[in-house]
Amino acid sequence: MKLLPLLLAPFCLLANSLSAATSPAPAEDSAALPADEELATNALTVAQRAALEKKAGDAADAAQKAIDAANPKHLPAFPGAEGFGALATGGRGGTVYHVTNLNDAGPGSFRDAVSQPNRIVVFDVGGVIKIGKEIETSSNLTIAGQTAPGEGICIYGNGVSLGGQSNIIIRYMRFRQGIAGDRGKKTLGMDRASNIIVDHCSVEWGRWDDIGLTVGTTAVTVQNCIMAEGIHPQSFGALIDTVTNITLSHNLWMSNESRNPKAKGTIQYINNVVYDWGITGLCGGHSAADHYLDVINNYFIKGPASNNQMAGQFLPTDHVFQEGNFIDLDRDGTLNGRPVTTDDFTDKNGVPTFVKTPTMHPAIAVTTQSAAAAYPKIVAEVGCSLHRDSVDLRLIGELATLGAKGHTLNHKDDKGEALAGGLGEIKSGPTPVDTDGDGIPDAWETAHGLDPKNPADAAKLDASGYSNLEVYLNSLVAAAPVR
């Protein structure tokens, strides 16, 4: 079988690229995988998958060494960063790049902004950036969507790939692929990626899955995000396959037929809400390889499209710790579910092996609420929520009916997102004056004792360990109200 060497090569390159967190991964390995890595991994024998997962474990060890070298004090990426990806430093110490237009490419575009490593990306414009081909990012990036004026920013029309990259912080972005995007790709894809945190983002309308973490990806957190309304040809939430040390916390998984997510690897799944699944909510690895999944204090809420299978596709090779989870199946408009039992994980495929203690222990633990307490937090804060646009307002409104409204988008219908009413409008707004171009507006610099004419002061570290620019970026979303 010729498939295995193609798949093993990226792991070797990944392990080498992780020797220093500030070095981008080699560009040449991006072509080593088939166009659809899921079909490739599904074809693996047990021995081949075991070899790949050993490589993933080795990559995780290398990633941890790189993290410790770049961030020895284990400073969180930002206040509130948690889980396995929380130690990313992003573009700290790099150059500031201003996105000044909504063009697909060229100077001042988002595509150009993320094409080079060691950058902090800020936005001088809000609105929809409609893209043609998929955007591929570099390493060592901070993408600060909270800086976009007006109603924020949306990348629409195809996917964004972090494939082969490391050390990335992404906050308050909307990523919506849509039916014009590449079939077989994700709205936000991470293969062979490491040391990444995605926070308060809306990731929707994926043509294969909304989000994908695959082929050796390690040390990643996805928190406070929406993964919703996958479209033709699958309408799935997330493929997470052959990965290590993944945190999925305080997310809304909504109106996807299945895979909320599909969990193959070592994954912690804490305080998520899954609403209006179609066929299956949370999916196991259902393969001969061993997988480990901590399922803690999540709420599974049946919607109009849902059957009663909140979890399934588990086998004894799936080692599951489950505690504090609830399921609400009566669709009566009230959050009044019952505790999840081990029987809820059983379907025609089989039953997992249940373990007595959690398996996952990141350096920065996830702050955990009860499932009932997590629900209102998600309603209030999840997704690109500084200024919710019409799509997310609709989704949150459907969730709030607790069973009366919601629908999956027909995976056989190539009208895609039009089935949900389409994108709508996202308005821009005034851009604050930033005389020295350091990413910090003059008024904020003056109020905090900085020099609006000295770009060097943005990179200086304050007593907290964050740069002055990071302190400003974090201030934009500290206890931010949802509007």
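The exercises below, each with a worked solution, concern a predicted model of a protein.

**Exercise 1.** Establish how many helices and strands the protein has, and what percentage of its residues is buried.

*Solution.* Begin with the secondary structure, which comes to eight helices and 27 strands. Turn next to burial, where a residue counts as buried if its relative accessible area is under 20%; by that criterion, buried residues make up 62% of the 483 residues. Finally, consider the accessible surface, which is about 16,700 Å² in total, with 56% of it belonging to carbon and sulfur atoms.

**Exercise 2.** Trace the open sheet of ten strands, identify its edge strands, and find which helices contact its strands.

*Solution.* First write down the strand order, β3-β6-β9-β12-β15-β17-β19-β22-β25-β26, in which the pairing is mixed. The edges are then β3 (127-130) and β26 (338-339), since each of these pairs on one side only. For the helices, take α5 (residues 371-381), which packs on the sheet by touching β17, β19, β22 and β25, and whose direction makes about 70° with that of β22. Helix α6 (residues 390-400), for its part, lies across β9, β12, β15, β17 and β19, running at about 85° to β17. As a detail within the sheet, β9 (residues 174-176) and β12 (residues 202-204) run parallel and are joined by three bridges, with Arg174 standing opposite Ser202 in β12.

**Exercise 3.** Decide whether helix α8 (residues 468-475) is mostly covered or mostly open, and find what covers its buried residues.

*Solution.* Count the buried residues of α8, which are six of eight, so that the helix is mostly covered; among them are Leu469, Tyr472 and Leu473. Then look for the cover, which includes the strands β1, β2, β5 and β8 together with helix α7 (442-447).

Key: Residues numbered from 1 in each chain as written. Predicted model: local features only at pLDDT ≥ 70, side-chain atom pairs only at ≥ 80, totals over all residues. Heavy atoms only, no water. Buried < 20%, exposed > 50% of the residue type's maximum accessible area, 1.4 Å probe, protein only. Helix = DSSP H or I, 4+ residues; strand = E, 2+ residues; numbered from the N terminus. Contact = heavy atoms within 4.5 Å. Areas by Shrake-Rupley, 256 points an atom, 1.4 Å probe, with all protein chains shown as cover. Pairing = 2+ DSSP bridges. Axes fitted to C-alpha atoms, helices over the stretch in contact; angles between N-to-C directions.
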